[in-house]
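The following exercises ask the reader to work through a structure step by step. Please study the sequence and the model before attempting each one.

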Amino acid sequence: MPAFRLAALRRAFGLTAPLACICLVLLLLTAPEARAAGFYEQPPFDNAELTRFIDDFPRFRDWVKRAGEAPHPSVGADGLPGFEYSAPAAAELERMGWKPERFFFIMGRSAAALADIEEGDALAGANRPADMPQVTPAETELVRRQLASLLRAVMGE
């Protein structure tokens, strides 16, 4: 009986289903950002995560320079802000003990918080770049409290 069901499925789907699955897997392997649907819908970061990010960012930044990588904010087909990065960048972050989506989430949100602190209301409403996520007041306050450390980590000082 199971052989009959398998044969029926093969007839029903033909080569289309396996080919579609292979294409989807290749897409996910070559474009990790595609896995991050609803990228900024993650829970807000906390002080421990921001501190860890500040500690690890200089090492990742140095790796990015050596590897010639360019992770960057993006805007998805849905018009929402996201983040693009390569499979090697994801692998490096995993080697460092991070989930890549979480590291880039904190990177994007902390950068947006820095911009909000610097620009204030100038980045509100229609003036906010499409690739800039919204930040919670708690996240902005965490960034404000760790501003000097975060700037040292980002600037490489």
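**Exercise 1.** Determine how Asp-56 and Arg-59 are placed relative to each other in helix H3, and whether each is buried or partly exposed.

*Solution.* Step 1: in this predicted model, Asp-56 and Arg-59 are about one helical turn apart, because three residues separate their positions in helix H3. Step 2: the two residues form a salt bridge, in which the closest N and O atoms are 3.3 Å apart. Step 3: a residue is buried when its relative accessible area is under 20%. Asp-56, at 11%, is therefore buried, whereas Arg-59, at 41%, is partly exposed. Step 4: the pair belongs to a network of salt bridges that links Arg-52, Asp-56 and Arg-59.

**Exercise 2.** Describe the salt bridge between Arg-95 and Glu-92, and classify each partner as buried or exposed.

*Solution.* Step 1: the closest N and O atoms of Arg-95 and Glu-92 lie 2.6 Å apart. A salt bridge requires such atoms to be within 4 Å, so the pair qualifies. Step 2: both residues are in helix H4, three residues apart, which means that about one helical turn separates them. Step 3: Arg-95 has 55% relative accessibility and is exposed, while Glu-92 has 9% and is buried.

**Exercise 3.** Classify Arg-61 and Asp-62 as buried or partly exposed, and state how their side chains meet.

*Solution.* Step 1: the side chains meet in a salt bridge with an N to O distance of 3.6 Å. Step 2: Arg-61 is buried, at 16% relative accessible area. Asp-62 is partly exposed, at 35%. Step 3: the total for the structure is nine salt bridges.

**Exercise 4.** Identify the residues that touch the most other members of the largest nonpolar core, and the element that gives the most to this core.

*Solution.* Step 1: the largest nonpolar core has 33 residues, and those touching the most other members are Leu-50, Phe-53, Phe-60, Phe-103, Phe-104 and Met-107. Step 2: two or more residues come from each of helices H3 (47–67), H4 (87–95), H5 (100–119), H6 (137–145) and H7. Step 3: H5 gives the most, with nine residues. Step 4: beyond its neighbours within four places in sequence, Phe-60 is in contact with several residues, including Pro-71, Leu-93, Phe-103 and Met-107.

**Exercise 5.** Locate Val-154 and name the residues that form a nonpolar surface patch with it.

*Solution.* Step 1: Val-154 lies in helix H7 (residues 147–155). Step 2: its relative accessibility is 34%, so Val-154 counts as partly exposed. Step 3: Leu-151 and Met-155 join Val-154 in the patch, and together the three have about 260 Å² of accessible area.

Note on methods:
Residues are numbered from 1 along each chain as its sequence is written. This is a predicted model: local features need pLDDT of at least 70, side-chain atom pairs count only at pLDDT 80 or more; totals for chains, interfaces and linings use all residues. Side-chain values use heavy atoms; hydrogens and water are left out. Patches are made of residues with over 30% relative accessible area and no salt bridge: like charges are joined within 9 Å, nonpolar side chains (Val, Leu, Ile, Met, Phe, Trp, Tyr) within 5 Å. Accessible areas come from the Shrake-Rupley method with a 1.4 Å probe; for residues, only the protein chains shown count as cover. Helices (H or I, at least four residues) and strands (E, at least two) are DSSP runs, numbered from the N terminus. Buried means under 20% relative accessible area, exposed over 50%, partly exposed in between (1.4 Å probe, protein chains only). A nonpolar core is a set of buried Ala, Val, Leu, Ile, Met, Phe, Trp, Tyr and Cys residues joined through side-chain atoms within 4.5 Å. Contact means heavy atoms within 4.5 Å.
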